[in-house]
Amino acid sequence: MFKTYIKTAFRSLYKNKGFTAINILGLALGLSTCLLIVLYVVDELSYDRYNTKADRIYRVNEDLKLGENSVQYAVCMPPLAKTLIAEYPYVEDAVRLKNAGSFHVKKGSSSILESKMIYADPSLFNVFTLPMINGNPKTALAEPSSVVITETTAKKYFNSTNVVGKTMLFNDNQSYMITGVIKDVPKNSHFNFDFFLSMSTVPDSRSNEWLRSDFNTYVLLKNAADHKKLEASFPAFLQKFSGSQMQSDLGMSIAAFEKSGSFFRMNLTALTDIHLKSHRTGELGANSTSQYVYIFSAIALFILLIACVNFMNLSTARSSNRAREVGVRKVLGSSRKYLIFQFLSESIMVTFFATAIAIIAAIALLPLFNQLAGKDIAVTAQSLVWLIPASLIIVVVIGSLAGSYPAFFLSAFQPIDVLKGKLSAGFKGGGLRSLLVVFQFAISVFLIIGTLVIYNQLNFIQTKNLGYNRNQVLVIQNAFELNNQAKAFKQEVKQLPGVTNATMTGFLPTSGDRSTAIYFKDATLDQKKSIFPQNWEVDADWIPTLDIKMALGRNFSKEMLTDSSAVIINEAAAKFLGYKDAINKSLYKSSGGKRGSNIKEYHIIGVVKDFHFNSLHEKIEPVIIRLADNRGALSIRVNTANLPSLMAQIKNKWATFSPGIQINYSFMDQDFDASYRAEQRIGTIFIVFTSLAIIIACLGLFGLAAYAAEQRTKEIGIRKVLGANVTVIVSMLSKDFIKLVVIAILIASPLAWYLMHLWLQDFAYRVSIQWWVLAGAACTALLIAFITISFQSIKAALANPVNSLRSE
């Protein structure tokens with residue numbers, strides 16, 4: 001019997017090839033798109049879950065508020081890890097990580113600049129799951145000047161993983177012994193490094209300072225330990241270990257500090273929450289956000305719903321044409337049970353073919369999607385564990401839902417009523433179909449509005465005046481490797497034709513160093529009169545090179561020796577300090593030690609206009625700029641039509657000053673674009689998926705328009721005989737669908753405006769949603785719907801009425 005169902009279903013589907021093709025194509029397109037998004041979401045949610053102890057690992061964070069200034073750190077104090085183990089029996093272990101920056105690693109006669117380097121405690125391999133291929137994980141990082149490298153790194157430098165005991169030379173003067181080789185850190189990790197250097201190599205790692213923060217600290221709790229209990233004990237813990245140093249340095253207890261409106265606190269972040277929920281200062285890598293996971297999950301659901309609605313719509317539309325077939329089958333003896341199984345088997349067969357095509361298409365498009373999303377997703381055996389059962393569920397559920405209307409409704413018809421033609425088969429009266437059309441076009445309009453808002457915000461980011469000129473600025477990232485020759489190199493580069501100016505500092509708006517410090521408005525170091533700004537070290541060429549505008553006062557001058565104790569502040573700092581005219585005002589900074597000792601006075605000589613140095617998600621912070629020798633990077637403003645020639649000259653100069661060390665450079669506008677790459681990718685993906693959703697919706701509308709025209713063939717013929725022209729016929733066939741699209745627009749527009757308004761609140765600097773965005777989305781939806789419908793309407797209107805009426 002089952003074989004008969006399949007054979008009959010296949011014949012029926014083959015007989016209606018157009019209907020079958022539209023149904024399979026629409027559903028396959030929706031399912032493949034949905035599958036790609038699901039793979040993306042699963043990848044985002046999988047971060048750090050490769051660790052076998054992931055559910056027991058937490059990172060310790062610091063939150064500091066000083067007056068009106070606040071900052072959230074992902075780093076903590078040097079002695080915290082060992083103290084937590086000693087104080088709390090339920091803390092099984094702890095590990096500290098400290099970013100090592102970049103090193104030149106010797107390979108043969110050349111050096112390779114490596115940036116994925118980090119210092120780590122010996123307990124690293126007990127806390128995190130980093131399988132070791134060679135070496136002893138218990139002792140690998142116990143000794144100073146030891147390093148553990150990844151499998152790929154070992155093959156890169158030695159063409160082998162059997163390298164334990166060999167040495168590597170960093171920066172030409174630091175020799176490290178390889179004590180272990182581990183498998184590559186999984187890409188779905190919140191940190192990804194190739195070199196793990198022993199923490200004991202760092203002198204600061206043995207510091208007992210409790211008011212400095214530069215170590216990422218992770219704790220491993222024992223089984224069944226409650227992390228909330230540990231978190232609740234932190235205030236008393238800080239009082240015990242940090243209280244005396246705060247009293248000495250700031251002249252107040254932690255209680256008095258908090259009473260004044262400030263605070264110094266610690267908290268925990270679960271390891272598996274870091275990638276999507278943590279955006280603190282001192283993160284070990286760029287994290288994503290859970291917001292995008294929610295957005296894409298919603299898009300996947302929307303696209304799947306549109307595809308399913310299409311399938312159900314076309315199935316119900318076609319089923320009305322099969323009422324006579326049901327009547328004939330019943331007269332010939334078919335039971336209702338047989339008819340139900342027949343309709344369901346057809347529907348499930350279409351869903352099966354569509355699902356199979358969708359899986360193949362998704363796998364084929366995965367490399368392109370990876371490129372678009374900046375991912376490295378692969379369909380593995382582990383993926384198939386959930387993919388195969390999910391596909392079977394989709395086939396059964398969607399197939400059953402789409403086939404339920406013809407299966408249970410049509411099979412209940414009385415044969416005599418059907419054969420006498422008492423059942424209407426027109427588009428009108430199809431309340432369910434109308435509701436479903438409104439639903440899918442409401443989703444499409446919502447996505448169109450969302451796409452327009454995202455595009456406008458990204459365009460705003462790209463074109464906003466940032467307060468500095470990022471164009472035509474070459475940044476040599478490793479200028480620090482020139483050591484004492486850095487200034488001489490800068491002066492020679494400035495003499496090159498095509499070079500307008502150059503500045504030597506790692507503090508740049510687009511990337512580089514970030515530092516904070518506490519300044520006070522008077523020498524009493526009154527905490528209520530404090531400011532906790534960005535503290536930047538620059539040279540006298542920094543402001544003119546970056547084309548930052550002065551609001552008041554002057555720039556630093558090499559000729560004025562007093563500028564060594566001068567500072568320039570930005571407008572945000574002046575506003576925070578309450579200065580309308582900050583020139584010649586003083587700021588005070590303690591350089592450590594007991595309260596009242598080593599206080600340095602700085603006088604304000606200028607105020608620069610605010611410039612953006614963080615994401616546009618954040619407001620511009622106060623910045624205090626000091627004149628100092630910082631060799632972090634060399635930024636060169638160029639003005640030449642022959643950039644390749646100038647680059648060759650700069651590289652030749654570099655080779656003269658630093659033979660054997662490769663120059664590492666980028667352009668400031670590229671660095672800026674890189675900082676917003678995530679948003680750009682999200683915008684591109686949103687546009688692609690919105691376009692697919694519209695295409696899927698149009699496929700359904702196309703099919704429905706075709707059936708509506710087919711059901712009204714005789715009516716169209718009579719109207720043409722009575723004098724109706726093509727315009728009248730097209731209008732008649734289109735108006736029912738256009739009404740539904742208008743209803744969809746009225747439903748979707750306010751909802752889309754509200755939700756996108758909420759999304760924009762995440763940006764401190766943002767566009768407003770203009771009326772033309774909603775109008776443009778509405779017009780786009782109407783135009784697309786009309787074009788889709790008109791194809792079938794015009795075809796029906798141009799048909800010869802003789803062909804439709806000759807049987808009457």
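Student: What percentage of the 808 residues in the protein is buried?
Tutor: The model is a predicted one. A residue counts as buried when its relative accessible area is under 20%. Among the 808 residues of the protein, the buried share is 51%.

Student: How many helices and strands are there in the protein, and what box do the C-alpha atoms fill?
Tutor: The protein has 25 helices and 23 strands. Taken along the principal axes, the box filled by the C-alpha atoms is roughly 105 × 60 × 60 Å.

Student: Which element of the protein has the lowest confidence, and which the highest?
Tutor: The average pLDDT over the protein is 84, and 90% of the residues score at least 70. At the low end is helix α1 (residues 2–15), with a mean of 61. The highest confidence, 97, is in strand β10 (residues 216–221).

Student: Over which residues does pLDDT stay under 50?
Tutor: Where pLDDT is low, the predicted coordinates should not be read in detail. The model does have 13 contacts beyond four places in sequence for the stretch in question. That stretch, with pLDDT under 50, is residues 424–429.

Student: What share of the contacts between residues at least 6 apart in sequence joins residues at least 24 apart?
Tutor: A contact here requires heavy atoms within 4.5 Å. Of the contacts between residues at least 6 apart in sequence, the share joining residues at least 24 apart is 79%.

Student: Is Ser-444 buried or exposed?
Tutor: Ser-444 sits in helix α15 (residues 431–463). Beyond four places in sequence, Ser-444 touches Ile-306, Ala-693, Ile-694 and Ala-697. Because its relative accessibility is 4%, Ser-444 counts as buried.

Student: Which residue of β23 is the bridge partner of Leu-474?
Tutor: Leu-474 belongs to strand β12 (residues 473–476), where Leu-474 and Ile-476 are buried on one side and Val-473 and Val-475 are buried on the other. Strand β12 runs antiparallel to β22 (residues 634–638), with four bridges, and Leu-474 stands opposite Ile-636 there. Strand β12 also runs antiparallel to β23 (residues 665–667), with three bridges. In β23, the partner of Leu-474 is Phe-667.

Student: Which residues of strand β2 point to the buried face?
Tutor: In a regular strand the side chains alternate between the two faces of the sheet. In β2 (residues 69–73), Ser-70 and Gln-72 point to one face and are not buried. The residues that point to the other face and are buried are Asn-69, Val-71 and Tyr-73.

Student: Which residue stands opposite Val-71 in β2?
Tutor: Strand β2 pairs with strand β1 (residues 57–66) in the antiparallel sense, over five bridges. The residue opposite Val-71 is Leu-64.

Student: What is the phi of Ala-224 near?
Tutor: Ala-224 lies in the loop between β10 and α6 (227–232). With a relative accessible area of 86%, Ala-224 is exposed. Ala-224 is not glycine, yet its phi is positive, near 70°.

Student: Where is Asn-584, which has a positive phi?
Tutor: The phi of Asn-584 is near 70°, in a residue other than glycine. Asn-584 is exposed because its relative accessible area is 63%. Its place is the loop between α18 (571–577) and β19 (586–590).

Student: What distance separates the C-alpha atoms of Ile-738 and Leu-782?
Tutor: Ile-738 is in helix α23 (residues 726–760). Beyond four places in sequence, Ile-738 is in contact with Leu-782, Phe-786 and Ile-789. Ile-738 and Leu-782 are 44 residues apart along the chain, and their C-alpha atoms are separated by 7.0 Å.

Student: How far apart in space are Ala-796 and Lys-651?
Tutor: Ala-796 is part of helix α24 (residues 771–798) and touches Ala-709, Ile-716 and Leu-733, leaving out residues up to four places away in sequence. At 15% relative accessibility, Ala-796 counts as buried. Ala-796 and Lys-651 are 145 residues apart in sequence, and from C-alpha to C-alpha the distance is 70 Å.

Student: How far apart do the centres of the positive and negative side chains lie?
Tutor: The protein has 81 positive and 57 negative side chains. The centres of the two sets are separated by 11 Å.

Technical notes: Residues numbered from 1 in each chain as written. Predicted model: local features only at pLDDT ≥ 70, side-chain atom pairs only at ≥ 80, totals over all residues. Heavy atoms only, no water. pLDDT = per-residue confidence, 0-100. Helix = DSSP H or I, 4+ residues; strand = E, 2+ residues; numbered from the N terminus. Buried < 20%, exposed > 50% of the residue type's maximum accessible area, 1.4 Å probe, protein only. Pairing = 2+ DSSP bridges. Lys, Arg positive; Asp, Glu negative; His and termini not counted. Charge placed at Lys NZ, Arg CZ, Asp CG, Glu CD.
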